[in-house]
Amino acid sequence: MKQHTLVGTLNMPLQHKKDKPWDHEGIEHWKIEPFSKEDNPTGMLEESSFATLFPKYREKYLREVWPAVTRALKEVGVSCELNLVEGSMSVRTTRKTWDPYVIIKARDLIKLLARSVPAPQALKILQDEVQCDIIKIGGLLRNKEKFVKRRQRLIGPNGSTLKALELLTECYILVQGNTVAAMGPYKGLKTARRVVEDAILNVHPIYHIKTLMIKRELAKDPAMAGENWDRFLPKFKKKNVKRHKPSKVREKKAYTPFPPPQQPSKEDLAIESGEYFLSEQAKAALKRAEQAAQQAERTEAAKRRREAAFVAPKEPKPDKGDGAAAGRSKAETCDDARAAAARLKEKQQQRQLAEAASAAAAAAARDARGEGLAPFLSLEAGGAQQQQQQQLGAADEPKKKKRRQAAAGEG
């Protein structure tokens, strides 16, 4: 008799411990047996159908691959239809359908085809171990710019981040518009959904990739099968980034059920100020007066700005120290001022002496040449000199007259 490992069987009476030829250690209890045609020879009693719409740009591709889709669905007893007028695809069961779940697989197939999944990849959904999941990411974020940036972060440079996720989750992942289509086993689909949603919610996919890589290496070790893996997984701390505070914070007004009063129009304001009853000339004169006042105000402001450049800055106040140090610094300042004044006075005296010596030397030179001031200081000598110049001018007058006449004759 074989020894059973279950605890319940150890406490059973010996009369009930009998051999079970259908139950042995080589049986995989969690294995899903394939469903064949012999399991349901009579077929389906009712017809089931599903339909979905597809975008206009997918029409050309679907027309090319539809024969291959039709052949694949015919093998499992499902009929399909492509309606190009309505832009829809439909699948339905037939009398030859023997698998009750295959219509759900066919529904997922047309849904994947409508979401830009290639036909060879989409046809793998008909296999029992492959499932699909459509992750909607369009409603997770309101800001369009942030959504596009985080969706591109999920794809990565040249699709490297998406390829790493496919390898770690063993799923096919396609990012298309506001949805993400994933195909693979249930465990991989669950992980892929968590990574995709966190990426749109501002959790970088590289954190999940690092955790998945560590888990993959730990799963290879049989000794770590029953251990807790938390001590091996990285723990990322959340950084609280300070939000940008607006410069102007609007005060929240008290709620009132009544609407605000109607604001006065331009005509009402003009009537209230009396401008409405003025003539066109008076309005123009009033407008010119306002413009002149504004111009005068701007001119005055510009003048104040220009004059501000010539205002002397305030001198820094001396540091407060003890009385003896302040007295010494003041005495030293006075001594320096006296010494500077004495040097300036000495330089001024030397300059005056040099100017007097040069003036005396010039006067001596003029006396030696006879060019003194005596001829100019005597009134008689000055009158004789003026009379001599008049006589010379009268003598030259006939000559000038003849020259003018000759010039006129030649002309």
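**Aromatic pairs and burial**

User: Why is F277 called exposed in this predicted model?

Analyst: F277 has a relative accessible area of 61%, and since the term exposed applies over 50%, F277 is classed as exposed.

User: What makes the pair of F35 and W98 stacked?

Analyst: The structure holds 2 aromatic pairs. In the pair of F35 and W98, the ring centres are 6.2 Å apart, which falls within the 6.5 Å allowed for a pair, and the planes meet at 15 degrees, which is under the limit of 30 degrees, so the pair counts as stacked. Because F35 lies in the loop between helix 1 (7-10) and strand 1 (49-53), and W98 in the loop between strand 3 and helix 3, the pair ties together parts that are 63 residues apart in sequence.

User: How do you know whether W98 is buried or exposed?

Analyst: W98 has a relative accessible area of 16%, under the 20% cut-off, so W98 is buried, whereas F35, at 36%, is partly exposed.

User: Why is the pair of Y276 and F277 called edge-to-face?

Analyst: The centres of Y276 and F277 are 5.6 Å apart, and the planes stand at 85 degrees, over the 60 degrees required, so the pair is edge-to-face. Y276 itself counts as partly exposed, because its relative accessibility of 46% lies between 20% and 50%.

User: What places the charged end of R107 over the ring of F50?

Analyst: The charged end of R107 is 5.5 Å from the centre of the F50 ring, and this distance is within the 6 Å limit, so the distance part of the criterion is met.

Terms used
Residues numbered from 1 in each chain as written. Predicted model: local features only at pLDDT ≥ 70, side-chain atom pairs only at ≥ 80, totals over all residues. Heavy atoms only, no water. Phe/Tyr/Trp six-rings, centres within 6.5 Å; stacked < 30°, edge-to-face > 60°. Helix = DSSP H or I, 4+ residues; strand = E, 2+ residues; numbered from the N terminus. Buried < 20%, exposed > 50% of the residue type's maximum accessible area, 1.4 Å probe, protein only. Lys NZ or Arg CZ within 6 Å of the ring centre and 35° of its normal.
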